[in-house]
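Colleague: Before I plan anything at the bench, I would like to go through this protein with you step by step. Could you show me the sequence and the structure, and then take my questions in turn?

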Amino acid sequence: MPYEVKGKSLTRQLLREKLNKVLKSNIVYHGSSNEHKFDTRGEIYDGTFFSTNKNEARAYGKFVYEVELKPTIKIFDTNNLGDIQILMKVFSVLYDNYYDENEEEHYIRTPEELYNNSDSWNAIENTDGVLEWLHGRYDGVTIFEGGVENILIFNPVKDKIQKLKLISK
């Protein structure tokens, strides 16, 4: 295995350990250029994106919300190999559009390949039917974008929020 891949796996493992501690609090952040009511369809999918990282949320706008998600919601976790195995039983191949179709990396065929990918969102978003399948079974999905963990909470988002506080504008 090349050094670069080992480094990515180690980095992903360290991030995974840190994020597992953060997620136990159910506190996430949402940034927006406008005030948000958490009751509209998102631009990308039917829901709202949140981040476990306050600075990541700030990158999306000056209105930053601290949100406590209800502890009872059911989240599909791309940081959990068991969850990924369930997904891969339904969708035997996912497609990572960062790579051309003639490159082997374009095809994600094993749970470990998605688990070790620093950008699981691309494969989730670009494989036909995956978001719809997830939305029918879960309240949201944790994904990685460039190594940063974000969470897409499916509508109705308001029903999944325990506490909401605007922390900057």
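Colleague: Is L131 buried or exposed, and what is its relative accessible area?

Modeller: Please keep in mind that this is a predicted model. L131 lies in helix α6, and the residue counts as buried when its relative accessible area is under 20%. L131 meets that condition and is therefore buried, with a relative accessible area of 7%.

Colleague: Which residues is L131 in contact with, leaving aside its neighbours within four places in sequence?

Modeller: Contact here calls for heavy atoms within 4.5 Å. A C-alpha distance is another kind of value, and for L131 and V141, which are 10 residues apart in sequence, it comes to 8.9 Å. Once the neighbours within four places are set aside, L131 is in contact with Y45, W121, I124, E125, L152 and F154.

Colleague: Where do the buried residues of α6 fall, seen down the axis of the helix, and within what arc?

Modeller: The buried residues in α6 are V130, L131, W133 and L134. Seen down the helix axis, these residues line one face of α6, because they fall within an arc of 160°.

Colleague: What covers the buried residues of α6?

Modeller: Helix α6 spans residues 130-137, and V130, L131, W133 and L134 are its buried residues. The cover over them draws on both helices and strands, and it includes α3, α5, β4, β5, β7 (140-145) and β8 (148-154).

Colleague: Turning to α3, which of its residues are buried, and within what arc do they fall?

Modeller: In α3 the buried residues are D83, I84, L87 and M88. I86 also has its place in helix α3, but at a relative accessible area of 40% this residue is partly exposed. The buried residues of α3 line one face of the helix, since seen down its axis they fall within an arc of 135°.

Colleague: What covers the buried residues of α3?

Modeller: The residues to be covered are D83, I84, L87 and M88. Their cover includes the strands β4 (75-77), β5 and β6, together with the helices α4 (111-115), α5 (120-126) and α6.

Colleague: How many aromatic pairs does the structure hold, and why is the pair of F91 and W133 edge-to-face?

Modeller: The structure holds seven aromatic pairs. For F91 and W133 the ring centres are 6.1 Å apart and the planes stand at 85°, so the pair is edge-to-face. This pair links distant parts of the chain, with F91 in the loop between α3 (81-90) and β5 (94-95) and W133 in helix α6, 42 residues apart.

Colleague: Are F91 and W133 buried or exposed, and what are their values?

Modeller: Buried means under 20% relative accessible area. F91 therefore counts as buried at 15%, and W133 is likewise buried, at 12%.

Colleague: What parts does the pair of Y95 and Y107 tie together, and how many residues apart are they?

Modeller: Y95 and Y107 form an edge-to-face pair, 5.9 Å centre to centre with 75° between the planes. At 30% relative accessibility Y95 counts as partly exposed, and Y107 counts as partly exposed at 21%. Because Y95 lies in strand β5 and Y107 in strand β6 (residues 107-108), the pair ties together parts of the chain separated in sequence by 12 residues.

Colleague: Which residues do ring pairs link into a cluster?

Modeller: One ring of the cluster, that of Y138, also has K74 lying over its face, at 5.0 Å from the ring centre. The residues that ring pairs link into the cluster are F76, F91, W133 and Y138.

Colleague: Which residue of β9 does E68 stand opposite?

Modeller: Strand β3 (residues 63-69) is mostly covered, with five of its seven residues buried. It pairs in the antiparallel sense with strand β1 (residues 27-32) over six bridges, where I27 stands opposite E68. Six bridges also join β3 to strand β9 (residues 161-168), again antiparallel, and the residue of β9 that stands opposite E68 is K163.

Colleague: To finish with the chain as a whole, what percentage of its residues count as buried?

Modeller: The protein chain has six helices and nine strands. Its accessible surface comes to about 9600 Å², of which 48% belongs to carbon and sulfur atoms. Of its 169 residues, the share that count as buried is 42%.

How values were computed:
Residues numbered from 1 in each chain as written. Predicted model: local features only at pLDDT ≥ 70, side-chain atom pairs only at ≥ 80, totals over all residues. Heavy atoms only, no water. Helix = DSSP H or I, 4+ residues; strand = E, 2+ residues; numbered from the N terminus. Buried < 20%, exposed > 50% of the residue type's maximum accessible area, 1.4 Å probe, protein only. Areas by Shrake-Rupley, 256 points an atom, 1.4 Å probe, with all protein chains shown as cover. Phe/Tyr/Trp six-rings, centres within 6.5 Å; stacked < 30°, edge-to-face > 60°. Lys NZ or Arg CZ within 6 Å of the ring centre and 35° of its normal. Pairing = 2+ DSSP bridges. Arc of directions from axis to C-beta.
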